[in-house]
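Got your viewer open? Load the model, pick a cartoon style, and follow along stop by stop.

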Amino acid sequence: MNMRNAVFVAAVAFIPMAQAQAPRSPTPSPVDAPVTAQPVATGLVHPWGLVFLPDGRMLVTERPGRLRIVDKDGKLSAPLSGVPDVYARGQGGLLDVALSPRFASDQLVYLSFSEPGEGGAGTAVARGRLAGNGLEQVQVIWRQTPKVESPNHWGSRLEFGQDGTLFVTTGDRFRFRERVQDLGSTIGKVVRINADGSIPSDNPFVKREGARPEIWSYGHRNLQGAALDPASGQLWTLEHGARGGDELNRPQPGRNYGWPVITYGVDYSGLRIGEGTARAGMEQPVYYWDPVIAPSGAVFYTADAYPGWKGSLFVGSLSPGGLVRLALEGDQVRREERYLADIGRVRDVVQGPDGLLYLLIDASNGSIQRLVPRR
Ligand SMILES: [Ca+2]
């Protein structure tokens, strides 16, 4: 084969690869939900993360840097003490909250937040013991590296795996997309750490020189949704794309999810990003949205309060807003439905101990809403 033919063959081989097509959301019109949204608590300032305590009270974060307890009557506590100082600018601040899988014995609360420091700021994870109206013995157990100057794209959700390790999702910090393919940074990654912040010995890059050992998967843009499938133990994530590039993924260890080399989105200016929608060695999303839904918190619904919803993956939409239900079959989306289009920016979706879904509405006067089945 002469040189000209070799170049021609390489070019032809490349073109079909670049055109692969993941399933695209059909952008269904919102339908009437078989539920009524009831406000449980109001007056929350840009609430971001929500978790139920074993006694039925809730812990909720407010992005400006406050953690509160919400009692069963919807009354907000004073801000809890012990919360780390946060970089509350742009999309940054106090973000997600999670309980230790052994909370009944260790009372540990985990927080993700935008941490200021040398070089700018970065996503970080702290944990502390809940005692009365505060957190005690608070330690930062993980920090995104490097810290950079940008108020946007922090991720970040906290999700414990069934083996007790903690997944932390991050973002590309908006102006630092070129670091997303770099395994020496934790910009644009899913991270997996032990509950004390140490590194699990079976992480995919622990033996790769120059790679951060906490990386689970890479090539992500801004992961603001994560949910563990309780049946399989598999992590599912949702990330904001640029225009037309929101994605649902099932991140596998060591895999590359493409950003910013491959994407279904285009820049907000309309300019193309990267080199197309597919490339060998880079994973396709399970599903993507164009136009986007701006996905935030997500949860697998496991109770029986609503007919037909058990096993579905629920996702909050920030824009256009509302609640998205994905009926799954194995690792595929079988059906998408949208509800509550007028409820606003849904920042988080949580299943309560009563089997009902609770939504966190992101606004300057934000709220917690409970979805009550219609009779
Ligand atoms: Ca991708």
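How many of the five residues of strand 4 (residues 66-70) are buried? Select that strand and switch on a surface for everything else. Four of the five are buried, so strand 4 is largely enclosed by the rest of the structure. Keep in mind as you click around that this is a predicted model.

**Stop 1: the hairpin around strand 4**

Add residues 58-62, which make up strand 3. Strands 3 and 4 run antiparallel and are joined by five bridges. To see how they line up, pick Glu62 and look across to Arg66 in strand 4, which stands opposite. The two strands form a hairpin with three residues between them. In that turn, select Gly65 and check its backbone torsions: phi is positive, about 125 degrees.

**Stop 2: a buried serine**

Now select residues 108-117, strand 6, and find Ser114 within it. Ser114 is buried, with a relative accessible area of 0%. What is Ser114 in contact with, leaving aside its neighbours within four places in sequence? Show Asp85, Val86, Tyr87, Gly92, Gly93, Leu95, Gly122 and Trp154: those are its contacts.

**Stop 3: strand 14, covered on both faces**

Next, select residues 235-239. This is strand 14, and five of its five residues are buried, so it is largely enclosed by the rest of the structure. In a regular strand the side chains alternate between the two faces of the sheet. Colour the two sides separately here: Leu235, Thr237 and Glu239 are on one, Trp236 and Leu238 on the other, and both faces are covered.

Strand 14 has a hairpin on either end of your selection, so take them in turn.

- Add strand 13 (residues 223-228), which runs antiparallel to strand 14 and is joined to it by five bridges. Ala227 stands opposite Trp236. There are six residues between these strands, and Gly233 in this hairpin has a positive phi near 80 degrees.
- Add strand 15, which is antiparallel to strand 14 and joined to it by three bridges. Glu239 is opposite Glu247 here. This hairpin also has six residues between its strands, and Gly244 in the turn has a positive phi of about 85 degrees.

**Stop 4: the calcium ion**

Stay on Glu247 and show the calcium ion. Which protein atoms are its donors? Two are OE atoms of Glu247 and one is the O of Tyr257, at 2.3 to 2.5 Å from the ion. Glu247 lies in strand 15 (residues 246-249), while Tyr257 is in the loop between strand 15 and strand 16 (287-289), so the pair ties together parts that are ten residues apart in sequence. Both residues are buried.

**Stop 5: two open sheets**

Hide the ion and select strands 9, 10, 11 and 12. They form an open, antiparallel sheet in the order 9-10-11-12. Strand 9 (158-160) and strand 12 (215-218) are at the edges with a single partner strand each, so one side of each is left without a neighbour in the sheet. From one strand to the next, the twist averages 20 degrees. Zoom in on strand 9 and strand 10 (residues 166-169): three bridges pair them in the antiparallel sense. Leu158 has Val168 in strand 10 as its bridge partner.

For the other sheet, select strands 1, 23, 22 and 21. This is an open sheet of four strands too, ordered 1-23-22-21 with antiparallel pairing. Which strands stand at the edges? Strand 1 (35-44) and strand 21 (346-351) do, each with a single partner strand, so one side of each is left without a neighbour in the sheet. The twist averages 20 degrees from one strand to the next. Strand 1 pairs antiparallel with strand 23 (residues 366-373) over eight bridges, and Thr36 is opposite Val372.

**Last stop: zoom out**

Show the whole chain again. There are two helices and 23 strands. The radius of gyration is 20 Å, close to the 21 Å that the globule rule gives for 375 residues, so the chain is as compact as a globular protein of that length. Its C-alpha trace spans about 80 × 50 × 40 Å along the principal axes.

Colour by burial and you'll find that 56% of the 375 residues are buried. The chain exposes about 15600 Å², with carbon and sulfur atoms supplying 49% of that. If you draw a contact map, take the contacts between residues at least 6 apart in sequence: 57% of them join residues at least 24 apart.

Definitions and conventions
Residues numbered from 1 in each chain as written. Predicted model: local features only at pLDDT ≥ 70, side-chain atom pairs only at ≥ 80, totals over all residues. Heavy atoms only, no water. Donors = N, O, S within 2.8 Å, 3.2 Å for Na, K, Ca; no water. Buried < 20%, exposed > 50% of the residue type's maximum accessible area, 1.4 Å probe, protein only. Pairing = 2+ DSSP bridges. Axes fitted to C-alpha atoms, helices over the stretch in contact; angles between N-to-C directions. Rg over C-alpha atoms; globule rule 2.2 N^0.38 Å. Contact = heavy atoms within 4.5 Å. Areas by Shrake-Rupley, 256 points an atom, 1.4 Å probe, with all protein chains shown as cover.
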